[in-house]
Amino acid sequence: METISQHDREILRVLAGRVRAIADAPESRAKRMLWARHNALKGDRPMILAFPEGTWPELLPDSVLQCEDKMLRGWEWGLRSRIYAAEVLKDDSFTEPAFDIGWNINIGNYGFDVPMHYGDNRGSYVWDAPMTDLEREVPKLHFRTLSVDRPGTYRNLALANEIFGDLLPARIRSMLFWTVGMTFEAAKLVGLENLMLLMCDQPEQVHRLMAFLRDEHLHFIQWLEDEGLLTPNSESDYVGSGGVGCTDDLKPDTDVGITLRQRWGFAESQETVGISPSMFEEFVLPYQIPLLEKFGLNCYGCCEGLEHRIKPILQSVPRLRRVSVAPNANQEMMAQALQGKYVFSRKPYPAHVCVGFNEKAIRADLRHTLTVARGQPLEIIMKDTHTVQGEPWRIKRWVEIAREEVAKAA
């Protein structure tokens, strides 16, 4: 990078100082303690989170950025988003007194390119599934080529520390992967509907495909550990399909080079929501368990309703701690199954926030959850929001309403 302008330097230093003040505030320390108790299943109250996700361009558009350098604009946005969460949204998230630099890693493909075709509406896409003859093509699959650019990562780390490290120390901390669920990878290779049809028409080939993906993912996460690239996700980190990872049950003694057993793991299978419970037990869960076995604590589920497949999950997933309760899930069935032994990770209907703002429906949804999950370790997470129709106040207002309903239910 060319010399950093004084203009960009001053902008980042001011923002870094604000983030540090937020991180050091008593409120942040109190939230850390609340999350540690919550994740130990000893929480004092339901926790409330709001992840703007697809609505960030409306809450914090590029037009607010002032840095001139492209990479530094990315850093600026990261700092501003942390400030926005603390000062505007005011949910139960908290921030660390550090600035995270991710590892620069490169991950190849499985031997087949998957052409993606994106729309112009912030995220929608379709793809061309490249595998059409599994018997002939599964043997052509190979493990992804993996590499890490350590010099480039260390240069970014040194630059961040040089600019504002005295205010907000930089550290290496990466979210190198999200899920070890694998069914999205399978769907990309063979097609979404086709994956489910193949379970009926060519079950042996689906087993071969899933066995390959299991072995490949095991190789990938073990490579990350062997290369010393793993970092903790047990502080303010996003874990699973929502939730904060803060826990005393995972105790890494370093910021880098930890083991998989010192991290949260996560799997889901949203793509197979249309298959029967018995097919899920045959084609999906057995291939996920060897991966989840590697982690110290685990989360399961995302947007798929789990009520009809929850029993084998609870029986089979090792050290399971957090279970997703999707917007359309049968909450009564989930509460009966979880019995307060796991975090009840509720995701309310985002449409009530995204398509108009239906306060009556929002309150009814929250009250239902608070009634059904009473006495269980409960977190309520607004996510999967892809627009607020140009009204950024909606996410903040949802947090306020959630707090009001939690207070009424206490």
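What percentage of the 410 residues in the chain do buried residues make up? In this predicted model, the share of buried residues is 52%. With that starting point, the overall form of the chain can be considered.

The chain is built from 16 helices and twelve strands. Its C-alpha trace spans about 60 × 55 × 45 Å along the principal axes. For 410 residues, a compact globule would be expected to have a radius of gyration near 22 Å, and the 22 Å computed for the chain agrees with this. Contacts tell us about the fold from another side: among those with a separation of 6 or more, 75% join residues that lie 24 or more positions apart. The accessible surface amounts to about 17,900 Å², and carbon and sulfur atoms contribute 52% of that area. As for charge, the chain carries 48 positive and 57 negative charges, whose mean positions are 6 Å apart.

Helix H7 offers a helpful close-up. This helix covers residues 183–190, and it is largely enclosed by the rest of the structure because seven of its eight residues are buried. The buried set consists of Thr 183, Glu 185, Ala 186, Ala 187, Lys 188, Leu 189 and Val 190; the charged side chains of Glu 185 and Lys 188 are thus included in it. What do the buried residues of H7 pack against? Their partners are two strands, E4 (116–118) and E5 (125–127), together with three helices, H5 (134–137), H8 (192–201) and H9 (203–226). Directly after H7 comes Gly 191, which has a positive phi, near 100°.

The cysteines make a natural last topic. A disulfide is a covalent bond between the sulfur atoms of two cysteines. How many disulfides does the structure hold? The count is zero. Cys 299, for instance, takes part in no disulfide, and the nearest cysteine sulfur, belonging to Cys 302, is 11 Å away. With a relative accessibility of 2%, Cys 299 counts as buried, because the cut-off for that class is under 20%. Why is there no bond between Cys 302 and Cys 303? The sulfur of Cys 303 is the closest cysteine sulfur to that of Cys 302, yet the distance of 3.9 Å is too far for a bond, since a disulfide requires the two sulfur atoms to be within 2.5 Å. Cys 302 is buried as well, its relative accessible area being 5%.

Technical notes
Residues numbered from 1 in each chain as written. Predicted model: local features only at pLDDT ≥ 70, side-chain atom pairs only at ≥ 80, totals over all residues. Heavy atoms only, no water. Helix = DSSP H or I, 4+ residues; strand = E, 2+ residues; numbered from the N terminus. Rg over C-alpha atoms; globule rule 2.2 N^0.38 Å. Buried < 20%, exposed > 50% of the residue type's maximum accessible area, 1.4 Å probe, protein only. Contact = heavy atoms within 4.5 Å. Areas by Shrake-Rupley, 256 points an atom, 1.4 Å probe, with all protein chains shown as cover. Charge placed at Lys NZ, Arg CZ, Asp CG, Glu CD.
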